[in-house]
Structure formats: C-alpha cells, structure tokens
Amino acid sequence: MNRIRPHRTRPGQRAGSALLVLLFLAMGILSLAAPASASGGWSLHIREAACTDGERVLLGEIADPVGNVPAGTWKKLSIVPLWKGPQLEGRQQAIPRQQLDKFLKYYVPELADACALPVRLVVQKGGKVYGRRALEQLVVDYLTPRAAALGGEPDIKDIRIPSFVFLDSPHDKLEIAGREAVAPGRVSLLVHAKGIDGQISRRIAVSAFVNLWKAVPCAAQPLNRLEAVTPDKITFMRKNLAYMGEFWDGKGGPYRMTRSIGTGQPLELAYMNSMPMVTKGEHVNLVYQGSRITLAVKAEAMDDADQGETVQVRNLQSRKVILATVVDSNTVRVR
C-alpha cells in the first residue's frame with residue numbers, strides 16, 4: 001500500500017506563507033477600517049497617558065474612538081499591535097507627538113491621518129492611569145454635595161489637577177482627603193493614592209473654585225453710614241457667595257451700617273454692627289433720681305451707648321453737659 005506522505009515546506013516557504021497570512025490579515029483590517037472612517041466620519045483620539053500589559057502596545061490601549069464606529073470594526077482595530085512598550089513593570093515610555101505620528105504612519109498607515117495626537121504620550125507597563133476627565137469627576141463628586149450642604153446652588157469651576165496620574169497597581173485607587181471645610185471660593189484638596197492594603201503611596205495636591213449661588217439680603221436702596229437697617233430697606237437677591245465675605249442671614253438686630261453701600265449690594269456683616277441703645281444726637285429723657293425727688297428733662301446724647309453704659313448728654317434747658325447712665329432706648333439717669 002502506498003502511503004501518502006505529508007507535504008513538507010522549506011523554512012523559507014514557511015516564512016513566506018506566514019508573512020502572506022499576516023499581510024492578508026492586515027489588509028483585511030485596514031480595508032475594513034478605511035471605508036468606515038471615510039463614510040462614517042469617525043476618528044481616533046490618542047490619550048496623553050496609557051498603560052500596557054503586553055510586549056507591544058495595542059491600539060486599543062492608547063486610543064479612544066470618536067464618532068459612530070461599528071462595534072466589530074473597533075473590536076478588530078483595538079487589538080492591532082504597535083511598537084514595543086516598556087518591558088519592566090512600572091517603567092514608563094514618553095513619546096513626543098512627532099515620533100508618535102511616525103509610529104502610527106508605520107504601523108497603521110490607513111488610520112494615521114484620522115488620529116488626533118496629544119503633545120506627548122506616556123505609556124507605563126502595568127498599573128493603572130487616571131486621565132484628566134476621571135480626576136475632574138473625582139473632584140466634582142467630592143465638592144458638589146458638600147457645597148450644596150451650605151445652601152444654594154453649587155457650581156465647580158477652574159479645576160487645577162495634573163493631566164494624568166499613574167498608579168502602581170490596577171487595584172490601587174484615588175481618594176480625596178478632606179482636610180478642611182468646604183467654603184465658597186478657591187478650595188485646596190489633597191488626593192491620596194491608596195493600595196488595597198490601605199497604605200498611601202502618593203499624595204497629589206489639587207484645587208477647584210466653588211461658586212455658590214444663593215438669595216441673600218441686599219440693599220433695596222442706597223444705605224448711608226450709621227443708617228439703621230430696617231425691613232423696608234432690604235431685598236433678597238441671588239448672589240455668588242464666592243465673591244462675598246460673611247453675609248447677614250436677615251436675622252437678629254437691630255443693626256446699622258458702618259459704611260455706605262449702593263442699591264443691590266449684599267449686606268455683609270463687615271458693613272454692619274449692632275444698633276446702640278442710645279445714638280449720638282438722639283433726644284432722650286434725662287432723669288435725676290434723688291432720695292426724695294425725681295426730675296426729668298429732655299437731653300441730647302453726645303455719643304453712642306448701650307444699656308448700662310455711661311454717656312455724655314446735654315441738658316436742652318440748661319445746655320449743661322453731664323454724665324448719665326443708659327436705662328433704655330429713651331431714658332438716661334443721673335444720681
């Protein structure tokens with residue numbers, strides 16, 4: 001019986017066949033990608049920082065599709081191998097835009113023109129990376145409920161954070177350490193990088209500006225220095241507390257102004273003080289309390305004074321100035 005022997009190929013033929021297979025696969029992927037990119041209008045956004053696990057960097061590790069990319073197309077493209085990444089765990093590789101452009105034109109020429117490139121791409125072997133959006137969301141999620149607890153409508157702006165943060169392990173996480181109370185205005189925070197054992201491996205300083213909009217008491221008309229603050233002179237208006245000092249909550253009093261303010265200006269506590277029981281220029285009853293007789297005449301207060309304090313008053317009949325003790329808002333007494 002004649003035995004059918006398997007056909008043997010030479011080493012050069014095997015290498016050529018393998019090369020043809022790879023070539024056909026690459027052509028298949030690129031032929032699938034090029035029409036989709038042209039007709040679908042989608043593109044790729046190359047990240048500023050990425051982590052890789054294999055010997056070579058994969059397209060899906062450094063890029064995010066933008067637009068309507070068919071799921072099957074991106075699934076195939078995301079596993080396309082590119083250049084050799086860092087070989088040791090934790091090591092990083094920085095690639096400037098010009099070099100990155102050359103790499104993409106070499107490994108994925110049909111896609112290179114559809115890629116939006118950063119100024120620089122940093123690739124780390126293993127670990128985990130937090131990009132700018134993730135860091136911003138971490139800050140917003142921390143500050144928003146705490147600012148809302150102050151009353152009003154919070155709005156977090158001008159977040160100052162690193163462009164990205166690398167962590168040593170994919171199981172590590174970032175947490176904000178609340179070192180100080182949240183208040184309107186610029187807030188500084190400290191972010192901790194923690195491992196699964198709870199140990200802090202890194203500390204990152206960040207900050208954000210907290211706008212807090214709230215209805216507060218304002219002047220309904222111009223108010224002059226030493227003028228009494230009465231209900232008819234007050235209106236409530238929506239203001240940003242980030243640009244205000246400590247504001248009056250509309251309670252307590254009576255108060256008077258320590259400086260002049262215009263219509264619509266918030267009534268800050270720094271602009272007010274308690275109304276004294278007796279004010280300068282006010283007419284009061286000057287009572288003389290003797291052992292057998294009590295006399296009362298009209299007098300003019302020469303200064304401000306509260307209950308129990310002494311104040312100079314001028315007797316409106318004799319024009320004499322004497323010291324008296326404040327009894328109430330209408331009465332001073334001399335013994």
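**Figure 1. Salt bridge between Arg186 and Asp158 in the predicted model.** Arg186 has a relative accessibility of 32% and therefore counts as partly exposed. Asp158, at 42% relative accessibility, is likewise classed as partly exposed. The closest N and O atoms of the Arg186–Asp158 salt bridge are 2.4 Å apart. This pair connects distant parts of the chain: Arg186 belongs to strand S13 (residues 185-194) and Asp158 to strand S10 (residues 153-160), with the two positions 28 residues apart in sequence numbering. Salt bridges with shared partners join Asp158, Arg160 and Arg186 into one network. The whole structure contains 11 salt bridges.

**Figure 2. Salt bridge between Lys105 and Asp101 in helix H4.** The side chains of Lys105 and Asp101 meet at 3.2 Å, N to O. Both residues lie in helix H4 (residues 97-107); because they are 4 residues apart there, about one helical turn separates them. Lys105 is partly exposed, with 44% relative accessibility. Asp101 has a relative accessible area of 24%, so this residue also counts as partly exposed, the limit for buried being under 20%.

**Figure 3. Salt bridge between Lys173 and Glu175.** An N to O distance of 3.3 Å is found between the side chains of Lys173 and Glu175. Lys173 is partly exposed at 40% relative accessibility. Glu175 is partly exposed as well, its relative accessible area being 28%.

**Figure 4. Aromatic pair of Phe164 and Phe166.** The count of aromatic pairs in the model is 6. One of them is formed by Phe164 and Phe166, whose ring centres are 5.5 Å apart. The angle between the two planes is 70°, and the pair is edge-to-face. Phe164 and Phe166 are both buried.

**Figure 5. Aromatic pair of Phe209 and Tyr243.** The rings of Phe209 and Tyr243 are tilted, with 35° between the planes and 5.6 Å centre to centre. The pair links distant parts of the chain, 34 residues apart. Phe209 is in strand S14 (residues 200-219), whereas Tyr243 is in the loop between strand S16 (234-240) and strand S17 (255-257). Phe209 counts as buried because its relative accessibility is 17%. Tyr243, by contrast, counts as exposed because its relative accessibility is 63%.

**Figure 6. Aromatic cluster of Trp83, Phe103, Tyr106 and Tyr107.** These four side chains, Trp83, Phe103, Tyr106 and Tyr107, belong to one aromatic cluster.

**Figure 7. Arginine side chains over tyrosine rings.** Arg146 lies over the face of Tyr142, 3.8 Å from the ring centre. Arg259 is placed over the face of Tyr271, with a distance of 4.4 Å to the ring centre.

**Figure 8. Surroundings of Asn240 in strand S16.** Asn240 counts as buried because its relative accessibility is 9%. The side chains of Asn240 and Asn211 are joined by a polar contact of 2.9 Å. The Asn240 side chain also reaches the backbone nitrogen of Ala242, at 3.1 Å. When residues up to four places away in sequence are not counted, Asn240 touches Asn211, Leu212 and Trp213.

Key: Residues are numbered from 1 along each chain as its sequence is written. This is a predicted model: local features need pLDDT of at least 70, side-chain atom pairs count only at pLDDT 80 or more; totals for chains, interfaces and linings use all residues. Side-chain values use heavy atoms; hydrogens and water are left out. Rings of Phe, Tyr and Trp (its six-membered ring) pair if their centres lie within 6.5 Å; planes under 30 degrees apart count as stacked, over 60 as edge-to-face and the rest as tilted. Buried means under 20% relative accessible area, exposed over 50%, partly exposed in between (1.4 Å probe, protein chains only). A charge sits over a ring if NZ of Lys or CZ of Arg is within 6 Å of the ring centre and within 35 degrees of the ring normal. A polar contact is a pair of N or O atoms within 3.5 Å; within protein, one must be able to donate a hydrogen and the other to accept it, and residues adjacent in sequence count only if both atoms are side-chain atoms. Contact means heavy atoms within 4.5 Å. A salt bridge is a side-chain nitrogen of Lys or Arg within 4 Å of a carboxyl oxygen of Asp or Glu.
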